[in-house]
Every structure is written in structure tokens, then in C-alpha cells.
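Here is a friendly walk through the aromatic contacts and the empty spaces of one protein. Please keep the 3D view open as you read.

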Amino acid sequence: MARVYNFSAGPAVLPEAVLKEAAAEMLDYRGSGMSVMEMSHRSKVFQEILNTAEQDLRDLMNIPANYKVMFLQGGAYQQFAAIPMNLMKNRVADYIITGQWAKKAFQEAKLYGDACAVASSADRNFSYIPDCSDLPIRDNADYVYICQNNTIYGTTFKQLPNTKGKTLVADVSSCFLSEPVDVEKYGVIYGGVQKNVGPAGVVIAIVREDLITEDVLPGTPTMLRYKTHADAGSLFNTPPCYGIYICGKVFQWLKSMGGLEAMKARNEEKAAILYNFLDRSQLFKGTVEKDSRSLMNVPFVTGSEELDAAFVSAATKAGLVNLKGHRTVGGMRASIYNAMPKEGVEQLVAFMEEFEKKNG
Ligand SMILES: *Cc1c(COP(=O)(O)O)cnc(C)c1O
């Protein structure tokens, strides 16, 4: 059975080398006589897996010593609540609304305090990133929140917002490890791993130490306190062991590929193949303003719902799968995460060219 080119937005493609290694270790992880799925999270073997994963992530992202790395559960969605519960000392936070995930985080924050939308790109269906150089950030804002890469709309911040000295919190679910980041510019960087890093079930939160305190909103559950997990080294209770193990393998794969600078170059090359085609095609059009285009999620349309559906169905038959766009944008979306090889994007473009010849 041949593997397909999987353009799913998430859960999404993983490096084949990682899947093969995991398969080879399935029944007997390195002489332990058992699968990583079967071992105690308190065992030495698992502690080693966790330590190595954390260290490799620190190496890849150049994470300074005064940031904690936590492997959590509950999806990115649970962080929509955890963030205000842990950070809203004044119960004031400013949100930049660039899509559905930012909006959902904003709505969740309103349950806990005075969350304000200080910028939005809703006016043009989130097809761009607003100018964030001089926003009305409030003096007593506990943090400024962004969704750095908008998985559904295919936009990304090319420049971080001017937070006027306030703590920046970023959901990086769909651009995690796609390029280097300057961790020190953020108070919290977090994301679900199922887009670009690993299997669903793990959320990674990288949080500056001074933001991890006992001073959380009243009623914050033990499990949602950053301090709980930071103090316990992600072993307060049973963590998502197998998922962490796969993330660790992806970190090693990324290192073997040359790290995040090399991934960025690869991702730019892949994205350019697709965007260059969209810019010259008479049939297919990108839906995002050029200076806001994501390297990871590329939405496009033909302008006709019937042709869109015909394209998705023909592409599926050709082994190019999960190209249907999100229902709020329509059309198609190609997610071309780290693990999507360049050949996958080239085949997609070749297929689009053929389709255009027949249907243009
Ligand atoms: C997928 C996604 C989410 C939601 O993640 P869950 O793990 O399903 O809660 C949040 N933010 C972004 C940017 C996403 O792409």
C-alpha cells in the first residue's frame, strides 16, 4: 500500500523516517521488552525519553534557561482558558483577532476578565494580518495575544506586534518549528503538536519563569496551573507518553535536517512553488494578501464551487489527499508542513496545471 501526499491541516503528515523508527521500536523499545505505550511514566526509560525530547526542543528553538518547557494535554483549546487563568493578574488582556482560533481564544478569555479586541482582520474575511505597529494596548493589560499562523485562513505574522512592553502570548500550533523564533520576545509560546510536530494529544507550552506563579485566578484547577506542571517537570500526573516520544523523534529528525534555519529555507522553497503557480494561474487563485501569506497553510479557489469539488475529488484519486478547504473559506487548502516533501508540492502543482488545461 503506497503512501499518499497528505495535505491535511491537522492531524497531519509526519516524517516517514519517524514513523518507520517508531514501527521498528513498537514491540521492544531499545531492549526494554515493551512498547513506549506500555511503560510507566515514572520509569527511567521514559524519563530519558522526556529529558531528551525537552533538551532537543531547547536546542532547536534556542530556548533560554529562564523559560520552562511543559508537555501538556487538553489541546490548544484548553490553553485558551489556562492563559487567562494564569496570566490575568489585572483581569485585562488585549487580543488581536486574525481568524477563528484567535477569536475562540478571545471569547474564552472574556469568561475570566476584560478581554478586548485591539485589532481584527474580520472585515475582509481574515485574508490579511492587520498593521500591529501602534495598537491601543491598554496600560494595565496583562498580556497581548496573537495566533501567529492562522491555519484556516492561511495568514501569518511576518512581524510580531508592538505590544508596548506587555507580555506577548502566541498560539503557534500551525507554525511550530517551521522557522527560527526569538523566544525572548514572548512570555508564552504554545501549540498543539498535531499540526507540525507530532500526534494529537500533546500541547507544548514554553513559558517565561516569572509568569509561572501561585498568583492565579481563584478557582483555577490544579491541572490548569502552569506551576503544577513546571514544578513537576511535566510529570505531575500521567503525561501523553507515546505522543511525547513521537515528538522527541520529530525533534531529532529536525536536528538531522539541519535545524530550524534549514527548515525555513525548505519551507520557503516549497511555498514558493505553490504561490508562484497560483500567481500565474488563470484558474486557481490564492485567497490571502501577498504580504500575509503563510508558509504552512495555503488556501486557494477556482471561483466555482463545482470546479473546486471536481478538483478535490480528482486530486484524491491521484493520491493528493485532504485538499478540501475549511468550510468558512471554501475551495481548497494545501497544508505543507515540515514533513511534506518538496516532491509532494511539485506533484500538486503539476496536477493543478493539468487540471487547468482540461478545465480552464
Ligand atoms: C488546530 C488549532 C487549534 C485547536 O487545537 P486543538 O488541539 O484541537 O484544541 C488552535 N489554534 C490553532 C492555530 C490551530 O491550528
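The report begins with ring pairs, moves on to charges over rings, and ends with the pocket and the cavity.

Please keep in mind that this is a predicted model.

**Aromatic rings**

The count of aromatic pairs comes to 16. A good place to start is the pair F311 and F351, whose ring centres lie 5.7 Å apart with the planes at 55°, so this pair is tilted. F311 belongs to helix 8 (residues 305-317) and F351 to helix 9 (residues 342-359), so the pair ties together parts that are 40 residues apart in sequence. Both F311 and F351 are buried.

F311 also pairs with F355. Here the centres are 5.2 Å apart and the planes stand at 85°, so the pair F311 and F355 is edge-to-face. Planes over 60 degrees apart count as edge-to-face. With F311 in helix 8 and F355 in helix 9, this pair ties together parts that are 44 residues apart in sequence. F311 and F355 are both buried.

To see the wider setting, select F277, F284, F300, F311, F351 and F355 together: these residues form one aromatic cluster.

**Charges over rings**

Next come two places where a charged side chain lies over an aromatic ring.

| Charged residue | Ring | Distance to ring centre |
|---|---|---|
| K104 | W101 | 4.7 Å |
| R124 | Y128 | 4.1 Å |

In the first row, the charged end of K104 sits over the ring of W101. In the second, R124 lies over the face of Y128.

**Pocket and cavity**

How much space lies in the largest pocket? About 500 Å³. The largest pocket is lined by 25 residues, and those closest to its centre are Q148, F157, E179, P180 and V181. Its lining divides into 13 nonpolar, six polar and six charged residues. Domain 1 (5-16 + 259-359) and domain 2 (28-256) each supply at least three residues to the lining of this pocket.

Turning to enclosed space, the structure holds one cavity of 30 Å³ or more. The largest cavity has a volume of about 30 Å³. Its lining consists of V13, L14, P15, N196, V197, V250, W253, Y337, N338 and A339. By class, eight lining residues of the largest cavity are nonpolar and two are polar, with no charged residues.

Where does the largest cavity lie with respect to domain 1 and domain 2? Domain 1 (5-16 + 259-359) and domain 2 (28-256) both give residues to the lining, so the largest cavity lies between them.

Note on methods:
Residues are numbered from 1 along each chain as its sequence is written. This is a predicted model: local features need pLDDT of at least 70, side-chain atom pairs count only at pLDDT 80 or more; totals for chains, interfaces and linings use all residues. Side-chain values use heavy atoms; hydrogens and water are left out. Rings of Phe, Tyr and Trp (its six-membered ring) pair if their centres lie within 6.5 Å; planes under 30 degrees apart count as stacked, over 60 as edge-to-face and the rest as tilted. Helices (H or I, at least four residues) and strands (E, at least two) are DSSP runs, numbered from the N terminus. Buried means under 20% relative accessible area, exposed over 50%, partly exposed in between (1.4 Å probe, protein chains only). A charge sits over a ring if NZ of Lys or CZ of Arg is within 6 Å of the ring centre and within 35 degrees of the ring normal. On a 1 Å grid over the protein atoms alone, a cavity is a set of points where a 1.4 Å probe fits but cannot get out, and a pocket is an open set with protein on both sides within 12 Å along at least five of seven lines; lining residues have an atom within 4 Å of a point. Grid points are joined across faces, edges and corners, and a volume is the space filled by probe spheres set on the points. Ala, Val, Leu, Ile, Met, Phe, Trp, Tyr, Cys and Pro count as nonpolar, Asp, Glu, Lys and Arg as charged, and the others, Gly among them, as polar. Domain bounds come from an automatic or database domain assignment.
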